[in-house]
Amino acid sequence: MIRDITIGQYYQTDSVLHRLDPRTKLMGTLVFIVSMFLADSWIGYAVSAAYLAMIIRLSHVPVGFIVRGLKAVMILLLISVSFNLFLTAGEHEILSFWIIHITWEGVQQAVFMAVRLIFLIMGSSLMTLTTTPNQLTDGLETGLGWMKKIHVPVHEISMMMSIALRFIPILVDETDKIMKAQMARGADFESGNLIERAKALVPILVPLFVSSVRRATDLAMAMEARCYHGGENRTRMKPLRYAGRDRLGYLVMAVYLGLMIALRSLL
Amino acid sequence: MGIIKAIKLTYDYIKRDEEGSPTGVNRAVDHVDIDIASGEFVAVLGHNGSGKSTLAKHMNALLLPTEGTIWVGEKDTADEDNLWDVRRMAGMVFQNPDNQIIGTVVEEDVGFGPENIGVPTEEIWKRVDESLEAVGMTAYRYHSPNKLSGGQKQRVAIAGVMAMRPQCIVLDEPTAMLDPNGRREVLRTVRELNRQEHITVVLITHYMEEVIEADRVIVMDDGRIVMEGTPAEVFGRTDEMKRYRLDVPQVTELAWELKKDGLPLSDGILRIDQFVDEIMAVYRETGR
Ligand SMILES: Nc1ncnc2c1ncn2[C@@H]1O[C@H](COP(=O)(O)OP(=O)(O)O)[C@@H](O)[C@H]1O
Ligand SMILES: [Mg+2]
């Protein structure tokens, strides 16, 4: 059940996008998000769509795989679309029935909202689809290194993320094991009302919590034994280095962002 | 002076009540003297709670002595300035293979130690290659540690320690959570490192078979060293071992029982072939 979530997954293949420096991709994602808030016309959205389509092509990730990720946020999408559809006031009423008024402006708003959300999700999932979790934390640590000056614990946060990534599969396995052990003793996780089900989870969460604390203590000791003492004076086995394709990437981003700004102010 | 030397090493865990105020002490290590020579393979035996892990953690400055002194490579571990030298000199491998691997890819985990001590990138790669080769895990360098067997995970952990170029490795029950195959795998690796790379090994275990190849066995009970000697010497004192709630290898125990019944066998027989030879000799002499 927990394994079915595809958002944030990595799609293993070889493409330019996979080989880009994670910092470039982080910046690209940021640029794309910003551009989605700049778009306010059909042409604007058309340009974004073309841009997104180009990047998906470059990523070699099947479109179907990306679209599947949308399922997880379907509810969110439906809610925001209906809000826009039903609650936008406007001149041109299309349908009026009891307390429901649908206007032409509402339809337009709803469509824009849906497109914006779908593009945002597709755009940002491209980031995780083409970047291993390791590269992602590396990119965050190096790319946000300047924030250390304002006392943001960048190294610590990225270390926490990579440790979480290492232990999530272990904890998922462990949860599975504990659940099966409890089921063998007659525990029932599937029936009963919400409160009863929540109560049934207690015998899973308690041992899981205890073992996590034990793991954390062990891990801290193992890290210390291997001379870990925070990010200071640390070297890297795989330092990040920009290549020619990254410079090209930044150029493409700049052109796209410029175009989106121009479209907004001209139209 | 050996690579690890301790004089009157004593460690107290402080017992606390529910509010966290101290109520007393639990002496886990009690006036221990040891002297381990460079290149030696020392096994430490002892019942649960006899203070083995506490002693081991002193060899890596993870714990500092309450009383007494321990030197690693002639450096006093209690001196703050020596901390990183001590940890670099004596690497440590722990019991639970899952809880000591930090990297999400095998080779990155092996590189973790060198990264911490500021080794330049190219040198890190060299060390990672060599360490993986030394433990025979080169083929798995791009794998996720989660997909490896217990024995393989422990070998990765050993490689992680080797990449720091230690002179000594301390292994605290590295095989306790492994199946017999994994145990053999890890033990073979440790033995090879000792013989070929001349790494000093301190192996804590409670499996008797793992001790046979050691140069020296130390038996701990209740925080003290109670027996010390070659495996044959220590296992030869079978009744004493039993008093400390420790087993001896099956063949040693059989020989010991036969000797009690009057057969003229030597003390501390460790190997089946040696046992067979002696029994045959007795048979030829007495005609029984
Ligand atoms: N973190 C701790 N806090 C308090 N007491 C401890 C702690 N760790 C170990 N002890 C106690 O110290 C003694 C020795 O433990 P340990 O060194 O773990 O023995 P061994 O490794 O031989 O099983 C035991 O009595 C144990 O209960
Ligand atoms: Mg122990």
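User: What should the 13 residues of helix 5 of chain B span at 1.5 Å a residue, and how far apart are its end C-alpha atoms?
Analyst: This is a predicted model, to say that up front. Helix 5 of chain B covers residues 150-162, and at 1.5 Å a residue it should span 18 Å. Its end C-alpha atoms are 18 Å apart, so the two agree.

User: Is helix 5 of chain B enclosed by the rest of the structure, or mostly not?
Analyst: Largely enclosed, because twelve of its 13 residues are buried. Among them are B:Gly151, B:Arg155, B:Ile158 and B:Met162.

User: What do those buried residues of helix 5 pack against?
Analyst: Several elements of chain B: strand 6 (90-93), helix 3 (106-116), helix 4 (121-134), strand 7 (168-172) and helix 6 (180-196).

User: Switching to ligand 1. Which residues are around it?
Analyst: They are B:Tyr13, B:Asn26, B:Ala28, B:His47, then B:Asn48 and B:Gly49, followed by B:Ser50, B:Gly51, B:Lys52, B:Ser53 and B:Thr54.

User: Which element gives the largest share of that shell?
Analyst: Helix 1 of chain B, with three residues. Strand 2 (22-36) and helix 1 (52-58) of chain B each supply at least two.

User: And how does the shell around ligand 1 split by class?
Analyst: Eight residues are polar, two are nonpolar and one is charged.

User: What about polar atoms of B:Tyr13, B:Ser50 and B:Thr54? How far are they from the ligand?
Analyst: For B:Thr54, a side-chain N or O atom is 2.5 Å from an oxygen atom of ligand 1. B:Ser50 uses a backbone N or O atom, which lies 3.3 Å from a ligand oxygen. With B:Tyr13, a polar side-chain atom sits 3.4 Å from a nitrogen atom of ligand 1. As for cover, ligand 1 exposes 560 Å² taken alone, and the protein buries 60% of that.

User: OK, B:Met59 next. Where does it lie?
Analyst: In the loop between helix 1 and strand 4 (67-72) of chain B.

User: Buried or exposed?
Analyst: B:Met59 is buried, because its relative accessible area is 2% and the cut-off for buried is under 20%.

User: What does B:Met59 touch, leaving out residues up to four places away in sequence?
Analyst: B:Ile4, B:Ile34, B:Ile36, B:Ile70, B:Val72, B:Val86, B:Ala90, B:Val170 and B:Val202.

User: How far apart are B:Met59 and B:Asp98?
Analyst: They're 39 residues apart in sequence, and 22 Å apart in space from C-alpha to C-alpha.

User: B:Asp98 rings a bell. Which residues is A:Arg215 in contact with, leaving aside neighbours within four places?
Analyst: B:Asp98 is one of them, along with B:Asn99. From chain A, the contacts are A:Phe167, A:Ile170, A:Leu171 and A:Glu174. A:Arg215 itself is in helix 9 (residues 194-225) of chain A, and it counts as buried at 14% relative accessibility.

User: Another arginine: where's B:Arg87, and is it buried or exposed?
Analyst: B:Arg87 lies in helix 2 (residues 83-89) of chain B. With a relative accessible area of 3%, B:Arg87 is buried.

User: What is its side chain B:Arg87 joined to by a polar contact?
Analyst: The side chain of A:Glu224, at 3.3 Å. A polar atom of the B:Arg87 side chain also lies 2.9 Å from the backbone oxygen of B:Ala61.

User: And which residues does B:Arg87 touch, not counting those up to four places away?
Analyst: In chain A, A:Glu224, A:Ala225 and A:Cys227. In chain B, B:Asn60, B:Ala61, B:Leu62 and B:Met164.

Note on methods
Residues are numbered from 1 along each chain as its sequence is written. Chains are lettered from A and ligands numbered from 1 in the order in which they are written. This is a predicted model: local features need pLDDT of at least 70, side-chain atom pairs count only at pLDDT 80 or more; totals for chains, interfaces and linings use all residues. Side-chain values use heavy atoms; hydrogens and water are left out. Helices (H or I, at least four residues) and strands (E, at least two) are DSSP runs, numbered from the N terminus. The expected span of a helix is 1.5 Å times one less than its number of residues. Buried means under 20% relative accessible area, exposed over 50%, partly exposed in between (1.4 Å probe, protein chains only). Contact means heavy atoms within 4.5 Å. A residue is near a molecule or strand if one of its heavy atoms lies within 4 Å of it. A polar contact is a pair of N or O atoms within 3.5 Å; within protein, one must be able to donate a hydrogen and the other to accept it, and residues adjacent in sequence count only if both atoms are side-chain atoms. Accessible areas come from the Shrake-Rupley method with a 1.4 Å probe; for residues, only the protein chains shown count as cover. Ala, Val, Leu, Ile, Met, Phe, Trp, Tyr, Cys and Pro count as nonpolar, Asp, Glu, Lys and Arg as charged, and the others, Gly among them, as polar.
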